[in-house]
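This report introduces selected features of one protein structure to a reader who has not met it before. The sequence and the model are shown first, and a description in running text follows.

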Amino acid sequence: MAFSAIITLTRHCHSPIALSLLQIPKFHTAQPISPNYFHCRRRISTTIITMFSPSQTARTAPEESKVTAPYGSWKSPITADVVSGSSKRLGGFAADSFGRLYWLESRPSESGRGVLVRQAESESDEPTDITPKDFAVRTVAQEYGGGAFTVLEDAVVFSNYKDQRLYKQSISSRDSVPLPLTPDYSGPLVCYADGVFDSRFNRYLTVREDCRESSANPTTTIVSIDLSSTNHIKEPEILVGGNDFYAFPRIDHKGERVAWIEWGHPNMPWDKSELWVGYISENGNIKNRICVAGGDPSIVESPSEPKWSPEGELFFVTDRKSGFWNIYRWVESANEVLPVYSLDAEFTTPLWVFGLSSFDFLNKNSIAFTYRMNGSSYLGIIDVVQNKISLLDIPFTDINNITSGLNCLYVEGASAIHPSSIAKVTLDDQKSKAVDFKIMWSSSSISSLYRPYISSPELIEFPTEVPGERAYAYFYPPTNPLFQASPEEKPPLLLKSHGGPTAETRSSLNFSIQYWTSRGWAFVDVNYGGSTGYGRKYRDRLLGQWGIVDVNDCCSCAKFLVDSGKVDGERLCITGGSAGGYTTLAALAFRDVFKAGASLYGVADLKSLAADSHKFESRYINNLVGDENEFFQRSPINFVEKFSCPIILFQGLEDKVVLPDQARKIYHALKAKGLPVALVEYEGEQHGFRKAENIKFTLEQQMVFFARLVGNFQVADEINPMKVDNFD
């Protein structure tokens, strides 16, 4: 019997992964089988060099002593196990009133469980896990979550992943038990995110997404939750409602005013949003409110991140007039908005997740901030009295969020040699210079071991198909201290199209990229038109043009690298996840630049995506595509006859953003056409893979798929390739 190339990966008690075949008549349910099933498949391996540890290769070998081997076949200690098992994900961080740091980390080794951790008490101690073993900190509000916990003095309020209820836990006692704050609705029907404490009324204000009446069209509001008693759980009270979406409920220090961001269909928060302030009455309700920004139809803007200063002034970020997100303040007496400092740079990022924090107050006159300009991040201090900025010299070139501590800043950042980390930046007395920089948490504790194998990114600017317009990317050349290729050979290229699509790829250390470059691949990460980090004008290039501008820019980038002599034009591959998966499929269907592709939970049918999308993105695609005819014309599934090269697909079976049927449709269509194709489906995975075994399998199978069907080389790793339909 010929077996299908669809496999479903599940957890199994005898091995890290169990492979279950679909569409096999004798199996009525997914039956686990051993990975040894693939023993009959052609094993792709080589014995160029024996296995070694990175410590044995701390220095780059002289050119004359390097092993000459084809690009793609090099041996590397940066294995898929290193990539999948060593990297934790940061889900947010905060400092309490005592200056202690807390962070939320997602652990692939625990199937992606989110754990709240407190910094070590001393240099000799280890950080302390706060979250009990039978809890996981994560919210799925708006599917992407964020803002899952809040710390105040000796307590934390967090969202528990399994039931999505809010819990309060004492953090002064090591064995404290979390107590529920919100009702049990017999399932995760109500989600909470982005909460703050209101000490005036002893309550917790938070965004609530309520799916009890409709999961397709949940009701989003800002609610208050009573903290006075956990013995009698009350139904949360609605403070603000009526619009489609809310974020950033923020209370001033006296508890008299609350600010928030809201927006409605068909806008996304980065298209157009509004900043409101409500005045709180003696009984805790909002007695009146005023629109601070976003309400004037003559001004196109998307305000974000409202924060109250120690003096009670409201500061926020918006992109009015200049098209760049800059920091502004509200003059309440005149209801006037004034810029704090103007710069053609981005002082925040798109509101995909709750809890963004790109600036914070050091004192009444000083604001710490981070911004993006020309592909790099900067950290600095604004003196609001003298209207001047001081940039701080730290090793990070990519910065995401910051928060203030006691005479310091906690900074989430990375660089080409630093993986995602939290650093403590100690400031001088004048709050104008960094006098100490210390890593408090790192997503990978072993990154320094592989320094000789790290490929340094080069920011490239390349011409697009539109005369006079340029786009951007990070190019990573093949790098390995023990290997070199022959002078006549050019390396294969893997081009990555980022997700979003309203997002930005950055140059921080990513072992998923180094996995490829250390084996002899060139890698390029593209910020196509429509990406963030370059202002609204660049961001708006994708409006009505998704599937055109992004595809053209990815193809232009690949051609630019070929014309520059950096890569082999006959071995161009493309990969992407989510929206990047759509760009991948569209590039393979409507262009003939790439020779193979990998789509991770990507979109094949735009009409189905629009029909099945969750509320947050339900109108997003309309702005990006256009009318019904454009939906049809830009959907790869409708033009299967135009595909001409191999494709491998990976999909989570619990994905509610891009439903599994999308991958199945394209798989069956390409299989029927006779093209080499394979589909991997992961049980228990959602939009993006969190389990270490699945991250590993995805990476290895992409590598061996490209090597077998395009690369013309044998990989050095012991990888059992899965069956590819119409090839094996």
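Does N407 count as buried, exposed or partly exposed? At 35% relative accessibility, N407 counts as partly exposed, a class that lies between buried (under 20% relative accessible area) and exposed (over 50%), computed with a 1.4 Å probe on protein chains only.

The structure is a predicted model, in which local features need pLDDT of at least 70 and side-chain atom pairs count only at pLDDT 80 or more, while totals for chains, interfaces and linings use all residues. Residues are numbered from 1 along each chain as its sequence is written, and side-chain values use heavy atoms, with hydrogens and water left out. Helices (H or I, at least four residues) and strands (E, at least two) are DSSP runs, numbered from the N terminus.

**Loops with a positive phi**

N407 is placed in the loop between β28 (398–404) and β29 (408–414). Its phi is near 60 degrees, a positive value in a residue other than glycine. N202 also has a positive phi, near 50 degrees, and is likewise a residue other than glycine. N202 is found in the loop between β12 and β13 and is partly exposed, with a relative accessible area of 38%.

**Two open sheets**

The strands that flank N202 belong to an open sheet of four strands in the order β12-β13-β14-β15, with antiparallel pairing; two strands pair if DSSP finds at least two bridges between them. Its edge strands are β12 (190–198) and β15 (237–240), each of which pairs on one side only. From one strand to the next, the twist averages 35 degrees. Within this sheet, β12 and β13 (residues 203–210) are paired over seven bridges, and D198 has R203 in β13 as its bridge partner.

Another open sheet of four strands has the order β20-β21-β22-β23, again with antiparallel pairing. β20 (304–308) and β23 (336–341) stand at the edges, each with a single partner strand, so one side of each is left without a neighbour in the sheet. The twist here averages 30 degrees from one strand to the next. F316 has Y328 in β22 as its bridge partner.

**Strand β26 and its two partners**

Strand β26 (residues 376–383) is mostly covered, since six of its eight residues are buried. It runs antiparallel to β25 (residues 366–373), to which eight bridges join it. Between these two strands the hairpin has two residues, and N374 takes a positive phi near 55 degrees. β26 also runs antiparallel to β27 (residues 388–391), joined by four bridges. That second hairpin has four residues between its strands, and N387 in the turn has a positive phi of about 55 degrees.

The table gathers strand pairs that run antiparallel, with the number of bridges in each.

| Strand pair | Bridges |
|---|---|
| β12 and β13 | seven bridges |
| β21 and β22 | five bridges |
| β25 and β26 | eight bridges |
| β26 and β27 | four bridges |

Individual bridge partners can also be named for β26: S366 is matched with D383 in β26, and I381 is matched with S390 in β27.

**Cis peptide bonds**

The peptide bond from H265 to P266 is cis, with omega near 5 degrees. P266 is placed in the loop between β17 (257–263) and β18 (274–280). A cis peptide bond also joins G500 and P501, where omega is about 0 degrees. P501 lies in the loop between β35 (493–497) and α2 (511–517).

**Helices**

How far does helix α10 reach from its first C-alpha to its last? Helix α10 (residues 692–711) has 20 residues and reaches 26 Å, close to the 28 Å expected at 1.5 Å a residue; the expected span is 1.5 Å times one less than the number of residues. Of its 20 residues, 18 are buried, and α10 is thus mostly covered. N712 follows α10 and has a positive phi near 65 degrees.

Helix α4 (residues 549–563) and helix α5 (residues 579–590) pack at an angle of about 70 degrees, with their axes 9 Å apart. Axes are lines fitted to C-alpha atoms, for helices over the stretch in contact, and angles run from 0 to 180 degrees between N-to-C directions. The two helices α4 and α5 are therefore roughly perpendicular to each other, a term for angles of 65 to 115 degrees. D550, V551 and C554 in α4 meet Y582, T583, A586 and A587 in α5, where contact means heavy atoms within 4.5 Å.

Conventions:
Parallel < 35°, antiparallel > 145°, perpendicular 65-115°, else oblique.
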